[in-house]
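Biologist: I am new to this structure. Please show me how to read its features one at a time.

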Amino acid sequence: MKLKPYGARKHEWTSVGKPGFIVGEPNGPASECKICQISDSQICLDVGLSRVPRLFVLMLTPHSKVRRACLVQWRSGHLVRAKFLSAREIRRYSVEGQMVN
């Protein structure tokens with residue numbers, strides 16, 4: 001059995017450096033951000049000074065049909081780390097009005 005080294009990451013991260021768009025409410029406006037890194041289960045975004053809802057949808061283009069529901073894990077300055085949610089998790093975490101400053 002091969003063991004991972006102590007502190008090894010569960011998923012590999014890929015640097016991206018491309019724009020993304022955050023939508024915080026159904027049919028709401030899209031706010032531009034920068035996708036810094038992405039893995040199979042999480043994403044790191046540069047959102048500047050923008051407020052970000054705890055639960056949001058990420059799109060790769062402003063009118064993208066491909067959308068990923070995300071839950072903010074932490075914020076440090078202009079960086080936000082969020083995890084991708086399954087349909088079951090979306091229902092569990094749906095709470096209106098929660099923002100991450």
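The dialogue below takes up the sheet, a loop residue, the cavity and the cysteines.

Modeller: Keep in mind that this is a predicted model.

Biologist: How do I read the strands, and in what order do they close into a barrel?

Modeller: Strands of a sheet pair through backbone hydrogen bonds, either parallel or antiparallel. Here six strands form a closed barrel, and going round it the order is E1-E2-E3-E7-E6-E5, with antiparallel pairing. On average, neighbouring strands of this sheet are turned by 45 degrees against each other, direction ignored.

Biologist: How many bridges join strand E6 to strand E7?

Modeller: Six bridges link E6, residues 67-76, to E7, residues 79-84, and the two strands run antiparallel. To follow one of the pairings by eye, start at valine 72, whose bridge partner in E7 is alanine 82.

Biologist: Now the backbone angles. Which residue has a positive phi although it is not a glycine?

Modeller: That is asparagine 27, with a phi of about 60 degrees. To find asparagine 27, look in the loop between strand E1 (14-23) and strand E2 (30-38).

Biologist: Is asparagine 27 buried or exposed?

Modeller: Asparagine 27 has a relative accessible area of 86%. Exposed means over 50%, so asparagine 27 counts as exposed.

Biologist: Next, empty space. How many cavities of 30 Å³ or more does a search of the whole structure find?

Modeller: Rolling a probe the size of a water molecule over the atoms shows where empty space is left. In this model the search finds one cavity of 30 Å³ or more. The volume of the largest cavity is about 40 Å³.

Biologist: Which residues line the largest cavity?

Modeller: The lining is made up of Ile22, Ser31, Glu32, Cys33, Val47, Ser50, Arg51 and Val52. Sorted by class, four of the lining residues are nonpolar, two are polar and two are charged. Strand E2 gives the most to this lining, with three residues.

Biologist: Cys33 is in that list. How many disulfides does the count come to?

Modeller: The count comes to zero disulfides. The cut-off is a pair of cysteine sulfur atoms within 2.5 Å. For cysteine 33, the closest cysteine sulfur is that of cysteine 36, 8.4 Å away, which is too far for a bond.

Biologist: What about cysteine 70, and how far is its sulfur from the closest cysteine sulfur?

Modeller: The distance is 9.2 Å, to the sulfur of cysteine 33, so this too is too far for a bond.

Biologist: Are cysteine 33 and cysteine 70 buried or exposed?

Modeller: Cysteine 33 is buried, at 6% relative accessible area. Cysteine 70 is also buried, at 0% relative accessibility.

Note on methods
Residues are numbered from 1 along each chain as its sequence is written. This is a predicted model: local features need pLDDT of at least 70, side-chain atom pairs count only at pLDDT 80 or more; totals for chains, interfaces and linings use all residues. Side-chain values use heavy atoms; hydrogens and water are left out. Two strands pair if DSSP finds at least two bridges between them. Helices (H or I, at least four residues) and strands (E, at least two) are DSSP runs, numbered from the N terminus. Axes are lines fitted to C-alpha atoms, for helices over the stretch in contact, and angles run from 0 to 180 degrees between N-to-C directions. Buried means under 20% relative accessible area, exposed over 50%, partly exposed in between (1.4 Å probe, protein chains only). On a 1 Å grid over the protein atoms alone, a cavity is a set of points where a 1.4 Å probe fits but cannot get out, and a pocket is an open set with protein on both sides within 12 Å along at least five of seven lines; lining residues have an atom within 4 Å of a point. Grid points are joined across faces, edges and corners, and a volume is the space filled by probe spheres set on the points. Ala, Val, Leu, Ile, Met, Phe, Trp, Tyr, Cys and Pro count as nonpolar, Asp, Glu, Lys and Arg as charged, and the others, Gly among them, as polar.
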